[in-house]
Amino acid sequence: MSGDEMNPAAVAQAVEDIQGDDRWMSQHTRFVQECKDAEPEVLFIGDSMVQLIQQYEIWRELFSPLHALNFGIGGDTTCNVLWRLQNGELDNIGPKVTVVWVGTNNHEHSAEQVAGGILAIAQLLTSRLPKTKVVVLGLLARGEWPNPLREKNVAVNSFLRSWLPRLGQTQFLDVGAGFVHSDGTISTRDMFDFLHLTASGYRAIAKPLIDLLLQILEETPEEKRASLV
């Protein structure tokens, strides 16, 4: 996207309380409070793909021991995550790694706009938390059969692969291998509604992610300096 073009997917926006119970803002407020009470080494932020992982044993088994916080809210777009980060969810914390997984709910935006929104999140994180490493997870395929939203998510991932290396402390991680079968279908064994992951689906994405997180967390300052020589 051209530098002077306003990207609607990179505009911070709170969720309108259409239902009337203020649940989204209540969750955000709880996250802001957690920032005051916890000292996470790993921060997860995003939509329901992030939110739901803590409902499975894989979270308690692999991620909770890393002193991880989960700031996922179902239905969030890049705009909503940007607003949350700008309004308290980065205060008082200094995680070593931040995992970002969002974008599949940006239905009104083009693939390039969605990728730009994710890039804006990564830029905000590196600006506000200069010592954190940012891991951006690729968007997964969705729907039982091939469809335009799958194609869009593939395009988003392609943009991210190209753009994210420009941010020195940010990297892209594709965790979508194996979900689409040879006939083009997705199984309910992996995604119970052809979007959200089952326990086995989360276990599949957890393997490459935990390997990367442990690699980052175990780096010593000396190793980091040596890698720059």
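What covers the buried residues of helix 4? In this predicted model, the cover includes helix 1 (23-37), strand 1, strand 2 and helix 5. Helix 4, which comprises residues 78-86, has 7 of its 9 residues buried and is therefore largely enclosed by the rest of the structure. The buried residues of helix 4 are Thr78, Cys79, Asn80, Val81, Leu82, Arg84 and Leu85. Just after helix 4, Gly88 adopts a positive phi of about 115 degrees.

Helix 5 (residues 111-128), itself part of the cover of helix 4, is likewise described by its burial: 14 of its 18 residues are buried, so that helix 5 is largely enclosed by the rest of the structure. The length of helix 5 was also examined, and because a rise of 1.5 Å a residue predicts a span of 26 Å for its 18 residues, the separation of 26 Å between its end C-alpha atoms agrees with expectation.

The two strands named in the cover of helix 4, strand 1 and strand 2, belong to an open sheet of 5 strands, which has the order 2-1-3-4-5 and parallel pairing. Strand 2 (68-72) and strand 5 (170-173) stand at the edges of this sheet, and because each has a single partner strand, one side of each is left without a neighbour in the sheet. On average, and with direction ignored, neighbouring strands of the sheet are turned by 20 degrees against each other. The pairing of strand 1 (residues 42-46) with strand 2 is in the parallel sense and extends over 5 bridges, with Gly46 placed opposite Gly72 in strand 2. Helix 7 (residues 199-218) packs on the sheet, where it touches strand 1, strand 3 (97-101), strand 4 (133-137) and strand 5, and the direction of helix 7 makes about 150 degrees with that of strand 3.

Backbone conformation in the loops was considered next. In the loop between helix 3 (57-63) and strand 2, His67 has a positive phi of about 60 degrees although it is not a glycine. A positive phi, near 65 degrees, is also found for Phe194, again a residue other than glycine, and Phe194 lies in the loop between strand 5 and helix 7. With a relative accessible area of 22%, Phe194 is classed as partly exposed, because a residue counts as buried only under 20%.

The loop between strand 5 and helix 7 also holds Ile186, which counts as buried at a relative accessibility of 3%. When neighbours within four places in sequence are left aside, the contacts of Ile186 are with Ala141, Arg142, Gly143, Glu144, Arg150, Phe179, Val180, Met191 and Phe194. Although Ile186 and Arg142 are 44 residues apart along the chain, their C-alpha atoms are separated by 7.6 Å.

Enclosed space was then examined. Rolling a probe the size of a water molecule over the atoms shows where empty space is left. A search of the whole structure finds 2 cavities of 30 Å³ or more, and the largest cavity holds about 80 Å³ of space. The lining of the largest cavity is formed by Asp47, Met49, Trp101, Val102, Gly103, Thr104, Leu139, Leu140, Ala141, Arg142, Asn153 and Leu195. Ala141 and Arg142, both among these lining residues, are also among the contacts of Ile186.

Terms used: Residues numbered from 1 in each chain as written. Predicted model: local features only at pLDDT ≥ 70, side-chain atom pairs only at ≥ 80, totals over all residues. Heavy atoms only, no water. Pairing = 2+ DSSP bridges. Helix = DSSP H or I, 4+ residues; strand = E, 2+ residues; numbered from the N terminus. Axes fitted to C-alpha atoms, helices over the stretch in contact; angles between N-to-C directions. Contact = heavy atoms within 4.5 Å. Expected span 1.5 Å × (residues − 1). Buried < 20%, exposed > 50% of the residue type's maximum accessible area, 1.4 Å probe, protein only. 1 Å grid on protein atoms, 1.4 Å probe; cavity = no way out; pocket = protein on both sides within 12 Å on 5 of 7 lines; lining within 4 Å. Points joined across faces, edges and corners; volume = space filled by probe spheres on them.
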